[in-house]
Amino acid sequence: MYPPVCPLCGRISPGGICPSCREKTVPAADGAFCMHCGKPLADEAAEYCPDCRKQMEGGGSCLDQGRSLWLHREPVAGALYRFKYHNRRRWGRLFAKELANSYACQVRRWQTDVVIPVPLHPSRRRKRGFNQAEILARELGARCGVPVRTDVLFRIRRTTPQKALGRADRMQNLKGAFGVSAAWKPCRNVLLVDDIYTTGATLEHAAKVLRKAGVQNVRFLTISIGQGI
Ligand SMILES: [Zn+2]
Ligand SMILES: [Zn+2]
């Protein structure tokens, strides 16, 4: 139905991401990266990035570990924006394929029982017509042979879009935003999937309710990771 295009530049490209875009992307795990969030490290000898170190000193994280595909800069940043807000949902499958190419082994090493996309509030999902994280999770789950559940984790409160907020407000904004289905029997290892990791606040809150429900390890994969705010 659609000609095959590069999801990063939108030009015709039978093989998915075109060579010129491929060259411009910066893989998040190319050099030294944070053992917790996967962000590239300025200090190659460090184990964790400054943000994660601060978080550990302040009570720790409900996320066990996570990885991302690319740094959140062009051409990735614009492509993810168009994927989400300009209804390029078919690009999600190409992004998820890239994710699986890089991290299928990691998904196995984590002994992932179930893949769960970070949910949108139903009102936002209705407005957008789809949940970008769900498209990524479905394709990733299919490629890794892991079941995907969208009936476990829910957004139960409407929140201000995170991108409009600073770091402290992002954590506050998400208080009580997620809920877990009481009918779900928790498993050991959950993999959360989202499009972007910025401060990690969204994934952290989602992980918190999953851990509270009895999940032992919550990991995450995202397409891009920012340098924090
Ligand atoms: Zn391209
Ligand atoms: Zn980190």
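Let's start inside helix α6, where the buried residues are Gln 132, Ala 133, Glu 134, Ile 135, Leu 136, Ala 137, Glu 139, Leu 140, Gly 141 and Cys 144. Keep in mind as you look around that this is a predicted model. That list covers 10 of the 13 residues of α6, so the helix is largely enclosed by the rest of the structure. What does the covering of those buried residues include? Among the elements lying over them are the helices α3 and α4, along with the strands β2, β5 and β6.

You can also check the length of α6 for yourself. The helix runs over residues 132-144, and at 1.5 Å a residue its 13 residues should span 18 Å; the C-alpha atoms at its two ends are 18 Å apart, so expectation and model agree. Just after α6 comes Gly 145, with a positive phi of about 70 degrees.

Now zoom out to the whole chain. It holds eight helices and six strands. Reading from the N terminus, you meet them in the order α-α-β-α-α-β-α-α-β-α-β-β-α-β. Along its principal axes, the C-alpha trace spans about 45 × 45 × 35 Å. Is that what a compact globule would give, or not? A look at the radius of gyration helps: a compact globule of 229 residues would have one near 17 Å, and the chain has 17 Å, which agrees. Buried residues make up 40% of the 229 residues. As for how the chain meets itself, take the contacts between residues at least 6 apart in sequence: 72% of them join residues at least 24 apart.

Next, find the sheet. Strands of a sheet pair through backbone hydrogen bonds, and they can do so in a parallel or an antiparallel way. Here you have an open sheet of four strands in the order β1-β6-β5-β2, and the pairing is parallel. The edges are β1 and β2, each of which pairs on one side only. From one strand to the next, the twist averages 20 degrees.

Let's walk across this sheet, strand by strand. β1 and β6 run parallel and are joined by six bridges. If you want a spot to look at, go to Trp 70, whose bridge partner in β6 is Ser 224. Helix α3 packs on the sheet, where it touches β1, β5 and β6, and its direction makes about 105 degrees with that of β6.

Step over to the next pair. β5 and β6 (residues 217-225) are paired in the parallel sense over eight bridges. β5 also pairs with β2, again in the parallel sense, over four bridges. Val 190 is a handy residue for seeing both sides of β5: its bridge partner in β6 is Val 218, while Val 114 stands opposite Val 190 as well. How does the chain get from β5 to β6? Helix α8 (residues 201-212) belongs to the connection, and β5, α8 and β6 together make a right-handed β-α-β unit.

Is β5 itself enclosed or open? Eight of the nine residues of this strand, which covers residues 189-197, are buried, so β5 is largely enclosed by the rest of the structure. Val 193 is found in this strand. Why does Val 193 count as buried? The reason is that it has 27 C-beta neighbours inside 10 Å, and 20 or more are needed for a residue to be called buried. Leaving aside neighbours within four places in sequence, Val 193 is in contact with Val 115, Pro 117, Val 118, Ala 133, Leu 136, Ala 137, Leu 140 and Leu 221. Several names there should ring a bell: Ala 133, Leu 136, Ala 137 and Leu 140 are among the buried residues of α6 that we began with. Val 193 and Ile 223 are 30 residues apart along the chain, yet their C-alpha atoms are separated by 8.7 Å.

Finally, two loops deserve a quick visit. Most residues other than glycine have a negative phi, and most peptide bonds are trans. In the loop between β1 (65-71) and α3 (76-85) sits Pro 75, and the peptide bond from Glu 74 to Pro 75 is cis, with omega near 5 degrees. The other loop, between α4 (91-109) and β2 (114-117), contains Gln 111. Gln 111 is not a glycine, but its phi is positive, near 50 degrees. Is Gln 111 buried or exposed? With 12 other C-beta atoms within 10 Å, Gln 111 is exposed.

Note on methods
Residues are numbered from 1 along each chain as its sequence is written. Chains are lettered from A and ligands numbered from 1 in the order in which they are written. This is a predicted model: local features need pLDDT of at least 70, side-chain atom pairs count only at pLDDT 80 or more; totals for chains, interfaces and linings use all residues. The radius of gyration is taken over C-alpha atoms; the globule rule is 2.2 Å times the number of residues to the power 0.38. Two residues are in contact if their C-beta atoms, placed from the backbone, lie within 7 Å. Two strands pair if DSSP finds at least two bridges between them. A crossover is right-handed if, with the strands pointing away from the viewer, the path from the first strand over the helix to the second runs clockwise. The expected span of a helix is 1.5 Å times one less than its number of residues. Axes are lines fitted to C-alpha atoms, for helices over the stretch in contact, and angles run from 0 to 180 degrees between N-to-C directions.
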